[in-house]
Amino acid sequence: MYLVGELAASSLYLTRDQTYRGRCLLVYDARHVSRLDELELPEWQVLAQDLWTAERAVIGAFAPQHINVDSLGNEVPHLHWHLIPRYRDDGRWGGPIWTTDRAQMRHTPLAEEQYAALAQALLARL
């Protein structure tokens, strides 16, 4: 992952797979938890503010037609959110980005300077 910046209780990262331009992860940093129900209400409120801020930054930086916000926790047992900008021409418009077999999914890595440019666009909006 490519660190974009730190928020009140979490950190925003660009994923190394940029098939969906601007795809990010928001990782809860305050303490280790796996699920939302493990948070106290004040913790959830701070995380919700971080998520709101991160989503608005992604929308402002990349102008997607939609955004998917998912918290799955199936593979990584630490609370985090996927922020996935969706574009009408993204090849999976109108459906989930995940397929049944990870090998069937496209993977679009970028050069380091491209990650830096995307991160700068996001950081300017955090």
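Me: What radius of gyration does the protein have, next to what a compact globule would have?
Reply: Keep in mind that this is a predicted model. A compact globule with 126 residues would come out near 14 Å. The C-alpha atoms fill a box of roughly 40 × 35 × 25 Å along the principal axes. The protein agrees with the globule value, because its radius of gyration is 14 Å.

Me: What pattern do the helices and strands follow along the sequence?
Reply: There are two helices and five strands to place. Read along the sequence, they run β-β-β-α-β-β-α.

Me: Among contacts between residues at least 6 apart, what share joins residues at least 24 apart?
Reply: For background, buried residues make up 42% of the 126 residues. As for the contacts between residues at least 6 apart in sequence, the share joining residues at least 24 apart is 54%.

Me: How much of the exposed area do carbon and sulfur atoms supply?
Reply: The protein exposes about 7,200 Å². Of that area, carbon and sulfur atoms supply 52%.

Me: How far apart are the end C-alpha atoms of α1, and what should the helix span?
Reply: Helix α1 has 22 residues, and at 1.5 Å a residue they should span 32 Å. The model agrees with that, with the end C-alpha atoms of α1 apart by 31 Å.

Me: Why do the buried residues of α1 line one face of the helix, and within what arc do they fall?
Reply: The buried residues of α1 include Leu-47, Leu-51, Ala-54, Val-58 and Phe-62. On the other side of α1, Leu-41, Pro-42 and Arg-56 are exposed. The buried ones line one face because, seen down the axis, they fall within an arc of 165 degrees.

Me: Which elements are included in what covers the buried residues of α1?
Reply: Those buried residues, Ala-57 and Ala-61 among them, have cover from strands and from a helix. The strands include β2, β3, β4 and β5, and the helix is α2.

Me: Which residue just after α1 takes a positive phi?
Reply: Helix α1 covers residues 41–62. Just after α1, a positive phi of about 50 degrees is taken by Ala-63.

Me: Why are the buried residues of α2 on the same side, and how wide an arc do they cover?
Reply: Helix α2 has twelve residues and reaches 16 Å from first C-alpha to last, close to the 16 Å expected. Its residues Tyr-115, Leu-118, Ala-119 and Leu-122 are buried. They sit on the same side of α2 because the arc they cover around the axis is only 100 degrees.

Me: Which exposed residues does the face of α2 turned away from its buried side carry?
Reply: The buried residues of α2 pack against β1, β2, β3 and α1. Turned away from that buried side is a face with the exposed residues Glu-113 and Gln-120.

Me: Are the salt-bridge partners Asp-17 and Arg-23 buried or exposed?
Reply: The structure holds five salt bridges. In the one between Asp-17 and Arg-23, the closest N and O atoms are 3.9 Å apart, inside the 4 Å cut-off. As for their setting, both Asp-17 and Arg-23 are buried.

Me: Where in the chain do Glu-43 and Arg-31 sit, and how many residues apart are they?
Reply: The side chains of Glu-43 and Arg-31 meet in a salt bridge, at 2.7 Å from N to O. That pair links distant parts of the chain, with Glu-43 in α1 and Arg-31 in the loop between β3 and α1. Along the chain, the two are apart by twelve residues.

Me: Why does Asp-37 count as exposed?
Reply: Asp-37 forms a salt bridge with Arg-35, with the closest N and O atoms 2.8 Å apart. Arg-35 is partly exposed, with a relative accessible area of 45%. Exposed means over 50%. Asp-37 is exposed because its relative accessible area is 55%.

Me: How far is the C-alpha atom of Ala-30 from that of Leu-47?
Reply: Ala-30 is in the loop between β3 and α1, and at 52% relative accessibility it counts as exposed. Ala-30 and Leu-47 are 17 residues apart along the chain. Their C-alpha atoms are separated by 9.3 Å.

Me: Which residues does Trp-98 touch, leaving out those up to four places away in sequence?
Reply: Trp-98 is in the loop between β5 and α2. At 29% relative accessibility, Trp-98 counts as partly exposed. Its contacts are Arg-23, Asp-70, Leu-72, His-82, Ile-84, Arg-92 and Met-105.

How values were computed. Residues are numbered from 1 along each chain as its sequence is written. This is a predicted model: local features need pLDDT of at least 70, side-chain atom pairs count only at pLDDT 80 or more; totals for chains, interfaces and linings use all residues. Side-chain values use heavy atoms; hydrogens and water are left out. Buried means under 20% relative accessible area, exposed over 50%, partly exposed in between (1.4 Å probe, protein chains only). Helices (H or I, at least four residues) and strands (E, at least two) are DSSP runs, numbered from the N terminus. The expected span of a helix is 1.5 Å times one less than its number of residues. The arc is that of the directions from the helix axis to the C-beta atoms. Contact means heavy atoms within 4.5 Å. The radius of gyration is taken over C-alpha atoms; the globule rule is 2.2 Å times the number of residues to the power 0.38. Accessible areas come from the Shrake-Rupley method with a 1.4 Å probe; for residues, only the protein chains shown count as cover.
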